[in-house]
Every structure is written in structure tokens, then in C-alpha cells.
Amino acid sequence: MSSQKYNRRQGQFPHTRMRRNRQHAWTRALVAENHLTVHDLVWPVFVQEGEKQRTPIESMPDVFRCTIDELIPQIYEARELGIPAIALFPVVPQDKKSDNAQEAYRDDNLINRAIKAIKKEVPNIGIISDVALDPYTTHGQDGLLKGDVVENDTTLKVLAKQAVSQAQAGADIIAPSDMMDGRVDAIRQALDAAGYESVSILSYGAKYASSCYGPFRDAVGSSHNLGKANKRGYQMNPANGDEALKEIALDIAEGADMVMVKPGLPYLDVIRRVHENFSIPLFAYQVSGEYAMVKAAAEKGWINESAVMMEHLVSFKRAGATGIFTYAAINIARTLMQHSQGDCKIWE
Ligand code: PBG
């Protein structure tokens, strides 16, 4: 009788107590399924013209637009902390913007000068450079306009030139964030034809027409160019998940080496599905609006900034991301460093 009762109870409370594994900091550390490490982080940085300047970005506390000379020591620190790569975004002066975005592929434009300087001064950090025309167009769209439509196929030619000029400057990974159809193929062909077959492509494969990009557009100065227009004619509808799988499949078929889902937190389900459906390095982008929300609530004293940031970032790992773009990379790396030196606070 009593042994029957015992069998029925096997695998159930009170025999099974899930809390046993959660009793101590060390058991929690031991059974943790996912870990955030400094090697998961990509640090996006904004580069501006001039010398010895750092301009704060109001909607992104603790993030600065920096001149190249100011950026170098910070990138050196990122490298020392073990951050594998940075992602570069240029703040293009108004007088360099045009309807045909020709500044985008000029050999000596701001981003190319930044790439060359970083490669020279901090050679062993990866440089991911953004391919899209929005920093360079007077209208703030990612491609060339015909009427009020962003024209796909003419844009591809400019994107391909932009990618080659960045590869020539020394970029390691070309990251198209423009969401034109066929751009991975166009860029791969152009890179190979120019002899850059070792340069990788990280495609922003599933990029949504999100309302979380506002602070970034302030940072690069494209928000007032864009005005009341939007990017819904090429970026994805936030209501769609299945479509993301098709986007990613196409980019992989066109030759993407790595793919991205962007933004991150509102699209954890998409990250998970891409992870389950494809064997390819997958990045999540914690975008400017996500960063700003955490910062703003923390400034009000409503949440603990570093704990919430850590929770958001580890959720990307849990969902299946290989790595994470985050503006908080340096701070997070410093915190993780303390942790690895014996300070277990973040998991307590
Ligand atoms: C544009 C681009 C955007 C971001 C990265 N590349 C903004 C946009 O699509 O309008 C957003 C990044 C962020 O919000 O942090 N090609």
C-alpha cells in the first residue's frame, strides 16, 4: 500500500523540490543554463567630425558622439575588457548629405577614416560597419527615393559601393541594416569582385519598423531629415513572425555569414524561432529605445539599472542569440569583469 503511494509521488512534491537547486548562490551558478560573457558583446559607437570632442546624446544617457581621436582610447579599453567587436555609426554633417547619398562611398568619408584609424591603433578588435544610406540622404531614408518610394534596385548599387569602400578601409564585417531586397547578394558579389572575399556579412535580416529607434536617429542626426515619414515600406511589420523566417532564409541563401534580429526585447520570440530554424550565428540588437527606457526608469529611481540591463541581456542568450549589440557594453563588461574576479553580487 505505502509503496504504491510512494510510486505515485515519485517525481512530485514533496519528493521533488525545485527550490533545492536554488538554495545557494553557488548552486544557482552551478545549474545556470545560460551565461552572459564579455565575448557576447558588440559595442555600437557614434563617430563625429572634428577633434577632441564628445557630444552627449540627450535621449541616450552616458552615450556620446565622439571624434575619432576621442574614440580610440575607449575602443582600446573595450578591447582590454575583452569585447570582441565594435559597430560604427557615423554622424554625417548636413552639408555632406544629398539625394543620391554619394558621400556613403567616398574613400575618405568619416566612417572610412574612423575604420582606418581604429584598425591602425587597435588592430585586434573586430570592426562591424553599417551599410545603409540614412546617415547620407537629405530625406533620412535608407535608400534612394523615386517620388516618395524608396527604390530597391538602384539603392542596391549604392549599397554595394558603400560596402566595398568600407572593406577597402579595413572593415571586417559589413552589416547591411537597410532592408532592401537582394542586398546581401549584391554586396557579396561586389566584395568578391573587389577581392574582399574574406570580409563577412552580418545581415540585419529581421529588422522591424520599430518605434524604438528614435534616440538612435537623434544620435546620428537623421530624425529631423526623416520628419514625419516612416520606414514601413521596407522594414518589417511588428505584427509578423513567420515573415522573419523567410527574410532570414533568403539572406542565408544570398550568402550572409551571420544574421540579426532587431530590436531585441520585443522580439524574443523571433530570436527563438530563428535559433531553432537555422544554424547560423545570430545577433540581437538591444536598440537605442530599449536602452533609453532602462536608463530613464533607473534615473527616476524606479528600477536597478545594472540588474535590469543584465536581465534583458541574458534573456537574449536564453532566447538563442549568439551575441548582443548593446550601448551598455562597456559598463556591462566592467561588471562582468568584477564578477569573474570573485564578486558574485550579480547572481545573488
Ligand atoms: C539605420 C539604422 C537604424 C538603427 C541602426 N541602423 C535606425 C533606423 O532604421 O531608422 C537603429 C539602432 C538603434 O535604435 O539603436 N539604417
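**Close-up 1. Lining of the second largest pocket in the predicted model.** The strand S1 gives four residues to the lining of the second largest pocket, and this is the largest share that comes from any element. The elements that contribute two or more residues to this lining are strand S1 (41-48), strand S3 (64-67), helix H3 (68-81) and helix H13 (329-340). In total, 18 residues line the second largest pocket, and those that lie nearest its centre are Trp43, Asp62, Phe64, Gln74 and Ile330. Sorted by class, this lining holds twelve nonpolar, two polar and four charged residues, and the space in the second largest pocket comes to about 310 Å³.

**Close-up 2. Backbone at Asp62, a residue of the pocket lining.** Asp62 is found in the loop between strand S2 (54-56) and S3, and Asp62 is also among the residues nearest the centre of the second largest pocket. Although Asp62 is not a glycine, its phi is positive, at about 70°. Most residues other than glycine have a negative phi.

**Close-up 3. The largest cavity and its lining.** The structure holds one cavity of 30 Å³ or more, and about 130 Å³ of space lies in the largest cavity. This cavity is lined by 16 residues, of which Asp134, Lys207, Tyr213, Phe216 and Lys262 are the closest to its centre. By class, the lining of the largest cavity is made up of six nonpolar, three polar and seven charged residues. The ligand sits in this largest cavity.

**Close-up 4. The shell of residues around the ligand.** The ligand is surrounded by 17 residues, and the closest of these are Lys207, Arg217, Lys262, Ser288 and Tyr327. Of the residues in this shell, eight are nonpolar, three are polar and six are charged. Lys207 and Lys262, listed here among the residues closest to the ligand, are also listed among those closest to the centre of the largest cavity.

**Close-up 5. Polar side-chain contacts to the ligand at Asp134, Ser177 and Tyr327.** A polar atom in the side chain of Asp134 is 3.1 Å from a nitrogen atom of the ligand, and a polar side-chain atom of Ser177 is placed 2.8 Å from a ligand nitrogen atom. At Tyr327, an N or O atom of the side chain lies 2.6 Å from an oxygen atom of the ligand. On its own the ligand has 400 Å² of accessible area, and the protein covers 100% of it.

**Close-up 6. Cis peptide bonds that precede Pro14 and Pro263.** The peptide bond that joins Phe13 and Pro14 is cis, with omega about 10°, and Pro14 has its place in the loop between helix H1 (2-9) and helix H2 (25-30). A cis peptide bond also runs from Lys262 to Pro263, where omega is near -5°; Pro263 belongs to the loop between strand S10 (258-262) and helix H10 (268-277). Most peptide bonds are trans. Lys262, from which the second of these bonds starts, is one of the residues closest to the ligand.

Terms used:
Residues numbered from 1 in each chain as written. Predicted model: local features only at pLDDT ≥ 70, side-chain atom pairs only at ≥ 80, totals over all residues. Heavy atoms only, no water. Near = heavy atom within 4 Å. Polar contact = N/O pair within 3.5 Å; in protein donor to acceptor, adjacent residues only side chain to side chain. Areas by Shrake-Rupley, 256 points an atom, 1.4 Å probe, with all protein chains shown as cover. 1 Å grid on protein atoms, 1.4 Å probe; cavity = no way out; pocket = protein on both sides within 12 Å on 5 of 7 lines; lining within 4 Å. Sits in = over half its atoms within 2 Å of the grid points. Nonpolar A, V, L, I, M, F, W, Y, C, P; charged D, E, K, R; others polar. Points joined across faces, edges and corners; volume = space filled by probe spheres on them.
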